[in-house]
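I opened my notebook for a first stroll through this model. Come along and look over my shoulder.

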Amino acid sequence: SEVDLYVSLGEEPYEIEDYTGENFDEIRAELDELGFTVEQTDTESSETVPFGNIISQDIDPGEEVIISDTTITFTVSSGRPVIELTDLLEYSRRSVDDYVDRNNLNLVVEEEPSEDVPLGLVIRQEPKAGAELYPGDQITVVLSSGPEEENNIESEATDWR
């Protein structure tokens, strides 16, 4: 008699998609439902990828895998990097410029006389030290222009006598 044999070729391969830029929680739920093991590596800050979205994946898009044998790992964005503004009081202009450049901040500089703060050093700043900023944010520093010149009216008044 004739016998029909059905031989399994195993689980059908699944083609991995490009998940970068997608919301991690939504993709994790979708892949969990398919039977994948999904993991998240440490988060990274990103200027371009919003908080909670995928920055990168450890399996290249287009690669074919067996779902039950595959763990896919994602790097997830923690959003824009936060800068805790340092206390710039009595920094020199050069030191302020270096700080602003390192942290990719925009700087506005003003000057005013000061009896207490030496010429060229920061008298005050806005926002205050400890404020949370993002790259591209603006800070304002007021530099000392030195002691205020005394009003010469009295000396001029005595000269006409």
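**Entry 1: aromatic rings.** I began with tyrosine 19 and phenylalanine 74, and I found both of them buried. A reminder to myself: this is a predicted model. I then looked up how many aromatic pairs the structure holds, and the count came to three. One of them joins tyrosine 14 and phenylalanine 36, edge-to-face, with 5.4 Å from centre to centre and 70° between the planes. Tyrosine 14 sits in strand S1 (residues 14-15) and phenylalanine 36 in the loop between H1 and S2, so this pair ties together parts 22 residues apart in sequence. Tyrosine 14 and phenylalanine 36 are buried as well. Back to my starting rings: the centres of tyrosine 19 and phenylalanine 74 are 5.8 Å apart and their planes stand at 85°, so I noted this pair as edge-to-face. It links distant parts of the chain, since tyrosine 19 is in the loop between S1 and H1 while phenylalanine 74 is in strand S5, 55 residues apart. I also noted that Tyr19, Phe24 and Phe74 form one aromatic cluster.

**Entry 2: helix H1.** Phe24 led me on to helix H1 (residues 24-34), where the buried residues are Phe24, Ile27 and Leu31. They cover an arc of only 70° around the axis, which puts them on the same side of H1. What do the buried residues of H1 pack against? I found strand S2 (37-40), strand S3 (54-57) and S5. On the other side of H1, I saw Glu26 and Glu33 exposed. I checked the ends too. At the start of H1, a side-chain oxygen of asparagine 23 comes within 3.0 Å of the backbone nitrogen of aspartate 25. Just after H1, glycine 35 has a positive phi of about 110°.

**Entry 3: two loop residues.** Is serine 77 buried or exposed? Its relative accessibility is 1%, so I put it down as buried. Serine 77 lies in the loop between strand S5 (71-76) and strand S6 (83-84). Leaving aside neighbours within four places in sequence, its contacts include Glu44, Val49, Phe51 and Ile55.

Next I turned to leucine 89, in the loop between S6 and helix H2 (93-102). With 42% relative accessibility, leucine 89 counts as partly exposed. Beyond its neighbours within four places in sequence, leucine 89 is in contact with Val122, Ile123, Arg124 and Gln125. My last look-up was the C-alpha separation between leucine 89 and leucine 143: 9.3 Å, for residues 54 apart along the chain.

Note on methods. Residues numbered from 1 in each chain as written. Predicted model: local features only at pLDDT ≥ 70, side-chain atom pairs only at ≥ 80, totals over all residues. Heavy atoms only, no water. Helix = DSSP H or I, 4+ residues; strand = E, 2+ residues; numbered from the N terminus. Buried < 20%, exposed > 50% of the residue type's maximum accessible area, 1.4 Å probe, protein only. Contact = heavy atoms within 4.5 Å. Arc of directions from axis to C-beta. Polar contact = N/O pair within 3.5 Å; in protein donor to acceptor, adjacent residues only side chain to side chain. Phe/Tyr/Trp six-rings, centres within 6.5 Å; stacked < 30°, edge-to-face > 60°.
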